[in-house]
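Trainee: I'm new to this one and would like to go through it with you. Can we put it on the screen and take it step by step?

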Amino acid sequence: MKTEQELPPDWIQELASSPFNEPMFTEKMKSSVMNSAANGSVKKGRKKRKSPTRLHITASAFMILLIAAVWGWRESPALQRMIPIQGLGYAAKWTPRSVYTEDGVDKLQAFPGADYAAGSPAGAWWNLLTPVQELEGKTIHITAVHRDTGTTLEELVETEITSDMAYDNFTRVSSRFALPLSGLWRFDVMVDQEKYGDIVVDVPDSSWEPSPSFVSAASEDPVEAMLSSQFPPTEMTGIKGHLGFIDPGFISGHPNKYMWHFWGSKEELTGDLVITAVKQNSSKIIDVFKSRVTPYPHNGADASLPTTMSLPSPGLWRIMVSINGQLFGSVIVEVAKP
């Protein structure tokens, strides 16, 4: 995961052009407004002529309102869906869309899992509307960039397209679809390192309710089961059957030891582990812990890892675990004041 600053290209200059596909402000309307501004309006039977200074103030106010309206559209995904202005290059680039069209023909479709939200892997299907016979042997690579922070990540590492990805008359590829932040994300799909299309998704925020505690099930490993039977059941904070840690609590600025536990396949639980965190109402991701993880049954889990973690300020935090660059899951904790 890395950060890149993506400055808005010349969208301010594009304000000079109409933001509508068809003229909404006609010549007749323009003439009427100009005449009213030049001649003044009738009030109590007497015409008043506006001064040039007043006309200048009116024009300036109109431009300020126009800029504010366009900026509001650019910053609001809801307005972008209601009013898909195509004249604003930068903003149109971030208009939410699940279908990519080229020369009037649909080329790419995306179907994220129905319950996708920030911090939670949901899975996604990517339909390349090209028969697999034309793509077999090539590679597909999907990256994602967050509009507001420039955070980038690999949604799908470079993967060979094979015949088993065929689906009717198109090619279907799946990915984990796990994003650490809410907001607009653009997914660039590359085939043989050439752009095939892009998709923009408005990812909703997940619940900030602190994660519940649970008791780990007994280990299936006979030696581990024998050892754990001598101790009381282990209580953890997290998602039962997926990930959790023995939680002594969090105090801001005070490091402590936390034993993480993971459930999953050997492939999922082998590799570089990175723990990051983001605070509620913030989009700044901080690094918390880095190591490697390998399967090792403990307390009923398929893998475990001791860590030292510290969070800098009180409040609600989402702690996110990634393995080999893919978000594995997250836990919400409340950090107390010192």
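Trainee: Let's start with D188: is it buried or exposed?

Mentor: Keep in mind that this is a predicted model. Buried means under 20% relative accessible area. D188 has a relative accessible area of 14%, so it counts as buried.

Trainee: Which residue forms a salt bridge with D188?

Mentor: In general, side chains of opposite charge can pair when their charged atoms come close. Here the closest N and O atoms are 3.3 Å apart. The partner has 9% relative accessibility and so counts as buried. That partner is R186.

Trainee: And which residues are linked with R186 and D188 in a network of salt bridges?

Mentor: The structure holds nine salt bridges. One of them joins the side chains of D198 and R97, at 2.4 Å from N to O. That pair belongs to the network too, and the full membership is R97, R186, D188, K195 and D198.

Trainee: How many residues apart in sequence are the parts that D198 and R97 tie together?

Mentor: Look at where each one sits: D198 is in strand β12 (residues 194-203), while R97 is in the loop between α4 and β4. D198 is buried, with a relative accessible area of 7%, whereas R97 is partly exposed at 23%. Their pair ties together parts of the chain, and the separation in sequence is 101 residues.

Trainee: T95 is in that loop as well, so I'm curious: what is its C-alpha to C-alpha distance to V201?

Mentor: T95 does lie in the loop between α4 (89-93) and β4 (99-102). It is buried, with a relative accessible area of 9%. T95 and V201 are 106 residues apart in sequence, yet in space their C-alpha atoms are separated by 8.5 Å.

Trainee: Now for R172: which side chain of opposite charge is nearest to it?

Mentor: R172 sits in strand β10 (residues 170-175). It is buried yet has no salt bridge. A salt bridge needs the nitrogen and the carboxyl oxygen within 4 Å. The nearest side chain of opposite charge is 7.4 Å away, and it belongs to D168.

Trainee: Then which side chain does R172 join in a polar contact?

Mentor: Leaving aside neighbours within four places in sequence, R172 is in contact with several residues, including W125, W126, M165 and Y167. The polar contact between side chains is 3.0 Å. Its other member is N127.

Trainee: Moving to the rings, are the planes of F245 and W260 stacked, tilted or edge-to-face?

Mentor: There are eleven aromatic pairs in the whole structure. In this one, the ring centres are 4.7 Å apart and the planes meet at 55 degrees, so the pair is tilted.

Trainee: Where in the chain are those two?

Mentor: Both F245 and W260 are buried. Their pair ties together parts that are 15 residues apart in sequence. F245 lies in strand β15 (residues 243-246) and W260 in strand β16 (residues 256-262).

Trainee: How many residues apart are F262 and F328?

Mentor: The ring centres of F262 and F328 are 6.0 Å apart with planes at 75 degrees, so that pair is edge-to-face. F262 is in strand β16 and F328 in strand β21 (residues 326-335), which are distant parts of the chain. Both residues are buried. The gap between them is 66 residues.

Trainee: Last one: which residues form the aromatic cluster?

Mentor: We've already met F245 and W260 as a tilted pair, and F262 and F328 as an edge-to-face pair. They belong to one cluster, made up of F245, F250, Y258, W260, F262 and F328.

Definitions and conventions:
Residues are numbered from 1 along each chain as its sequence is written. This is a predicted model: local features need pLDDT of at least 70, side-chain atom pairs count only at pLDDT 80 or more; totals for chains, interfaces and linings use all residues. Side-chain values use heavy atoms; hydrogens and water are left out. Helices (H or I, at least four residues) and strands (E, at least two) are DSSP runs, numbered from the N terminus. Buried means under 20% relative accessible area, exposed over 50%, partly exposed in between (1.4 Å probe, protein chains only). Lys and Arg count as positive and Asp and Glu as negative; His and the chain ends are not counted. A polar contact is a pair of N or O atoms within 3.5 Å; within protein, one must be able to donate a hydrogen and the other to accept it, and residues adjacent in sequence count only if both atoms are side-chain atoms. Contact means heavy atoms within 4.5 Å. Rings of Phe, Tyr and Trp (its six-membered ring) pair if their centres lie within 6.5 Å; planes under 30 degrees apart count as stacked, over 60 as edge-to-face and the rest as tilted.
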